[in-house]
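Subject: The structure, with some notes

Hi there,

Here is the structure I promised to send over. Have a look at it first, and then read on for what turned up.

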Amino acid sequence: MVHEADLANRGEVVTSLHANHAWQGRRFSDDGTWPAHRLTYVMAEFATGLVPGWEAGVHLPVMRGGVDGASSDNGAWGASAIMFRLKHIRRIGENGFYGFNAEYDINARRYVSDPRGAEFRGIVGFDGERVRITANPHLMWGWGREDSPRSPDLNLDLKVLYKASETLAWGVEAYTDGGRVNRLRPGDGDRTIYLVTEFETRIGAIHVGLGQGFKETPERYLLKGVWTTRF
């Protein structure tokens, strides 16, 4: 997901259920992770507000293998990681916002080849009456392997939404990989484009997306959905 300006209020608990399925993708993996073809992720997320402008959360993802291979079994389930995060947002006038999301991950080998990881994600955007635009430039580190690179990955995620009403919006998301900071390759890395829609219901907010991976992205065609409610 692209991180935006939404935050839990102090004492409020926000619960989200994320689901992502690659119905077509790469059928092999050379680093011990499960191949992308027909791979499914399901993740529970819990977040709460600390003080105004600050939120803490934890992610608990699991995954289901889609193919038989050296490191995976078709239909097998396994824990992916446990992820801890801290998010901060500030407002600029009536419509602007900026901040960051910092995350620390403990990963299963089936999910990411690095046993531990960290991310620092910038958040900047504009939330107008009819349009919401958000950018997430972020740095990602992985360590715990003997050959783990010291230089972080530099990625950029973008989101543009048109608000058809107070309860319905649609638009586009783009996820791009710019390469290692010490060896940038803009335009050559993985990239995924989603058509998305978001709407409010009596049981919470729903986000649905249909995506396609380009270049050497392991996932070729994807479906995703997120349900979020507040207590």
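Let me begin with how the chain ends up paired with itself: 11 bridges join strand 1 to strand 14 (residues 219-230), and these two run antiparallel. One place to look is Leu17, which stands opposite Trp227 in strand 14. Please keep in mind throughout that this is a predicted model.

Strand 1 (residues 13-25) also pairs with strand 2 (residues 40-49), again in the antiparallel sense, over nine bridges. There, Thr15 has Phe46 of strand 2 as its bridge partner.

Further along, strand 3 (residues 54-64) and strand 5 (residues 81-92) are antiparallel partners with six bridges. Trp54 stands opposite His88 in strand 5. Strand 5 is in turn joined to strand 6 by 12 bridges, and the two run antiparallel. They form a hairpin with three residues between them, and Gly93 in the turn has a positive phi of about 65°. Next to that turn you can pick out Ile92, whose bridge partner in strand 6 is Gly96.

**Aromatic rings**

The count of aromatic pairs comes to seven. One of them is Trp23 with Tyr221, a stacked pair at 5.7 Å centre to centre with 15° between the planes. This pair links distant parts of the chain, since Trp23 is in strand 1 and Tyr221 in strand 14, 198 residues apart. Are these two rings buried or exposed? Neither label fits: Trp23 is partly exposed, with a relative accessible area of 35%, and Tyr221 is partly exposed too, at 29% relative accessibility.

Tyr104 and Trp143 make a tilted pair, with 6.2 Å centre to centre and 40° between the planes. Tyr104 lies in strand 6 (residues 96-107) and Trp143 in strand 8 (residues 131-143), so this pair ties together parts that are 39 residues apart in sequence. Both rings are partly exposed: Tyr104 has a relative accessible area of 33%, and Trp143 comes in at 32% relative accessibility.

There is also an aromatic cluster formed by Trp54, Phe100 and Phe120. Trp54 is the residue that stands opposite His88 in strand 5.

**Nonpolar cores**

In soluble globular proteins, nonpolar side chains tend to be buried together. Here, the largest nonpolar core has eight residues: Val2, Ala22, Leu161, Ala169, Tyr175, Tyr194, Val196 and Leu222. Strand 10 (168-180) and strand 12 (191-201) each supply at least two residues of this core.

Leu161 is a handy member to click on. Leaving aside neighbours within four places in sequence, Leu161 is in contact with Arg130, Val131, Arg132, Ala169, Trp170, Gly171, Val196 and Glu198. Apart from the largest core lies another one, of five residues, including Ala5, Ile89, Phe97 and Ile123.

**Charged residues**

Side chains of opposite charge can pair when their charged atoms come close. A search of the whole structure finds 16 salt bridges. One of them joins Arg121 to Glu119, with the closest N and O atoms 2.8 Å apart, and both of these residues are buried.

Which residues does Glu173 form salt bridges with? One partner is Lys159, where the closest N and O atoms are 3.7 Å apart. That pair connects strand 10, which holds Glu173, to strand 9 (residues 153-163), which holds Lys159, across 14 residues. The other is Lys224, with the closest N and O atoms 2.6 Å apart. This second pair links Glu173 in strand 10 to Lys224 in strand 14, 51 residues apart.

All three of these charged residues are buried. Glu173 counts as buried because its relative accessibility is 0%, against a cut-off of under 20%. Lys224 is buried with a relative accessible area of 10%, and Lys159 is buried as well.

If you zoom out a little, Glu173, Lys159 and Lys224 belong to a network of salt bridges that also takes in Glu4, Arg132 and Glu198. Two members of the network, Arg132 and Glu198, are among the contacts of Leu161. Lys224 has a further role in the picture: its charged end sits over the ring of Tyr194, 4.5 Å from the ring centre. Tyr194 is itself part of the largest nonpolar core.

Best wishes

Technical notes
Residues are numbered from 1 along each chain as its sequence is written. This is a predicted model: local features need pLDDT of at least 70, side-chain atom pairs count only at pLDDT 80 or more; totals for chains, interfaces and linings use all residues. Side-chain values use heavy atoms; hydrogens and water are left out. Two strands pair if DSSP finds at least two bridges between them. Helices (H or I, at least four residues) and strands (E, at least two) are DSSP runs, numbered from the N terminus. Rings of Phe, Tyr and Trp (its six-membered ring) pair if their centres lie within 6.5 Å; planes under 30 degrees apart count as stacked, over 60 as edge-to-face and the rest as tilted. Buried means under 20% relative accessible area, exposed over 50%, partly exposed in between (1.4 Å probe, protein chains only). A charge sits over a ring if NZ of Lys or CZ of Arg is within 6 Å of the ring centre and within 35 degrees of the ring normal. A nonpolar core is a set of buried Ala, Val, Leu, Ile, Met, Phe, Trp, Tyr and Cys residues joined through side-chain atoms within 4.5 Å. Contact means heavy atoms within 4.5 Å. A salt bridge is a side-chain nitrogen of Lys or Arg within 4 Å of a carboxyl oxygen of Asp or Glu.
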